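User: Please give me a close look at how the helices of this structure pack against one another. I am a first-year student, so a connected account that proceeds step by step would be most helpful.

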Amino acid sequence: MTTVMTILGIVVFVIGLLFSIAWHELGHLSTAKMFGVRVPQYMVGFGPTLWSRKKGETEYGIKAIPLGGYIRMIGMFPPGDDGAVRQRSTSPFRGMIEDARAAAYEELQPGDEKRMFYTRKPWKRVIVMFAGPFMNLVLAVAIFLGTLMTFGINTTTTTVSSVSECVVRVSERTDTCPEGAPDSPAKAAGLKPGDTIVAFNGVEVTEWGDLQQRIRDTIGPATITVERDGEREVLQANLVKNQVAKSDGRGGYVEGEYVTTGFLGFSPATGVVEQSFPQAVDRMGDMMIAGAEALTRLPEKIPGLWNAAFAGAEREQDSPMGVVGAARVSGEIFALEIPAEQRVAITLLTLALFNLSLFLFNMLPLLPLDGGHIAGALWESLRRGLARVLRRPDPGPFDVAKMMPVAYVVAGVFVCFTLLVLIADVVNPVRLTG
């Protein structure tokens, strides 16, 4: 049964992946057609075509390798300085530029002169190229908010899991209380496992992060209102100063860092809790910040990936994963012995993270990524605007094709990184369980 559930999880992820890619390309397709650009092809995947059908002037299809997708637009790059599309030259860099330019014109038909991508105003080109990543962002937000508000998420709550027996510095904590250590304020006040703290010093609390901060800001007498067996009780506690783990500001802790604050002495329980819209939005913001930070830290993860792939080193839990790794994790999620709704929720959140990663990665201002074309259009708009202000001749379209040598380097680096991640995902994958 575990094998069946694992396969089902992988299939669900692959379907979600294909939908995410198709959704991304739909953003490019719809805006390109809206602005009158001719689009001969809309494809999900790469490699051999498995299925295709032509509708109107566009061929729609699915290819064998589900690692991306594309739409083909006429006239992605402007012609050469003399208005002609030349044959390949002997210079390798010039050859890259001319090959890219020729590919943009290879399906040119009579009447396409006014339907080429490069002839559109820069702001229209920005919209067309931004529409793809934006669709992934919309999908990520919709899945994330919908999942948190419908299924909930495993959250630290204000319910008491256990009560500390005594006051001990966190860096010195042991399984038993040292001789002479005073009782913890929570124990002395009569706090018990299973109690839910609903108010602190008369102020209602519903989130662990809020309660944690209020406790840490208090030294001395305090009232704690708890729900116990369906009834409310008010406990009197006398909080003391103690060394505790540093908070990350979101209810969690910073490993290895300590602060001296007010101390009550209990551990909170965790549980699946449906989030309100403001809570879900707040968590979505945290996820976007964490995703952006993870993207900037990718280069420093390469040595760890290399060692995990070729030196037998332990694979870090926050190590970058590719499609194979994410599919494997999705399979593990479906095989976990947890309620079915939690399996669905975690899988949906994984898909939301994937779409958020697509958005952030594609917005990098580098060719051949969408962000590179956006940067080219913005630069063209800037230099044309400056020419008007300075009353100089219009410099014309910015030839993004001249950046193709850089694009090939970027693509080469990306391919190498993708292969490294793929090998690590196969030989030493990230696992949810031991």
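Analyst: In this model, which is predicted, a suitable place to begin is the contact of two helices: on the H7 side, Leu298, Ile302, Leu305, Trp306, Ala308, Ala309 and Phe310 take part, and they meet Phe417, Leu420, Val421, Ile423, Ala424 and Val427 of H11. How do the residues of this contact divide by character? There are 13 nonpolar residues, no polar ones and no charged ones.

Two packed helices are described by the angle between their axes and the distance between those axes. Helix H7 spans residues 298-310, and its axis comes within 9 Å of that of H11, with a crossing of roughly 45°. An angle of this value makes H7 oblique to H11. The crossing of these two helices is left-handed.

A second pair offers a useful companion example. Helix H3 covers residues 122-150 and helix H9 covers residues 340-362; they pack at an angle of about 155°, and their axes lie 8 Å apart. Angles over 145 degrees count as roughly antiparallel, and H3 and H9 are therefore roughly antiparallel to each other. Here, too, the crossing is left-handed, as H3 passes H9.

Which residues form this contact? From H3 come Phe130, Pro133, Phe134, Asn136, Leu137, Leu139, Ala140, Ile143, Phe144 and Thr147, and they meet Ala345, Leu348, Leu349, Leu351, Ala352, Asn355, Leu356, Leu358, Phe359 and Asn362 of H9. The residues of this contact comprise 16 nonpolar and 4 polar ones, and no charged ones.

Helix H3 also has a part in the interior. In soluble globular proteins, nonpolar side chains tend to be buried together. The largest nonpolar core of this model has 30 residues, and Met73, Phe117 and Val128 are those with the most contacts inside it. At least two residues of this core are supplied by each of helix H1 (2-34), strand E1 (41-55), H3, helix H8 (323-335), helix H10 (370-389) and helix H11 (404-427). The largest share, 6 residues, comes from H1.

Val128 deserves individual attention. Once its neighbours within four places in sequence are left aside, Val128 is in contact with His28, Thr31, Ala32, Phe35, Met73 and Phe117. A second core, separate from the one just described, has 19 residues, among them Val160, Ala189, Ile197 and Ile215.

Ala131 adds to the picture of H3, the helix in which it lies. Is Ala131 buried or exposed? Its relative accessibility is 10%, and buried means under 20%, so Ala131 counts as buried. Apart from residues up to four places away in sequence, Ala131 touches Gly27, His28 and Thr31. Thr31 is 100 residues from Ala131 along the chain, yet the C-alpha atoms of the two are separated by 7.1 Å.

By way of contrast in sequence and space, consider Trp208, which is found in helix H5 (residues 208-216). Trp208 is buried, with a relative accessible area of 7%. Its C-alpha atom is separated by 38 Å from that of Gly132, a residue 76 places away along the chain.

Attention may now turn to H10 and the loops beside it. His373 is found in helix H10 and is buried, with a relative accessible area of 12%. The contacts of His373, without its neighbours within four places in sequence, are with Met76, Phe77, Met129, Leu367, Pro368 and Val400. Two of these partners, Leu367 and Pro368, are joined to each other by a cis peptide bond, with omega about 10°. Pro368 has its place in the loop between H9 and H10.

Most residues other than glycine have a negative phi, and most peptide bonds are trans. Beyond H10, in the loop between H10 and H11, is Arg391. Its phi is near 55°, a positive value in a residue other than glycine. Arg391 is exposed, with a relative accessible area of 78%. Asn201 likewise has a positive phi, near 55°, and is not a glycine. Asn201 sits in the loop between strand E4 (196-200) and strand E5 (203-204), and it is partly exposed, with a relative accessible area of 38%.

Definitions and conventions. Residues numbered from 1 in each chain as written. Predicted model: local features only at pLDDT ≥ 70, side-chain atom pairs only at ≥ 80, totals over all residues. Heavy atoms only, no water. Axes fitted to C-alpha atoms, helices over the stretch in contact; angles between N-to-C directions. Helix = DSSP H or I, 4+ residues; strand = E, 2+ residues; numbered from the N terminus. Parallel < 35°, antiparallel > 145°, perpendicular 65-115°, else oblique. Left-handed = near helix turned anticlockwise from the far one by under 90°. Contact = heavy atoms within 4.5 Å. Nonpolar A, V, L, I, M, F, W, Y, C, P; charged D, E, K, R; others polar. Core = buried A, V, L, I, M, F, W, Y, C linked by side-chain atoms within 4.5 Å. Buried < 20%, exposed > 50% of the residue type's maximum accessible area, 1.4 Å probe, protein only.
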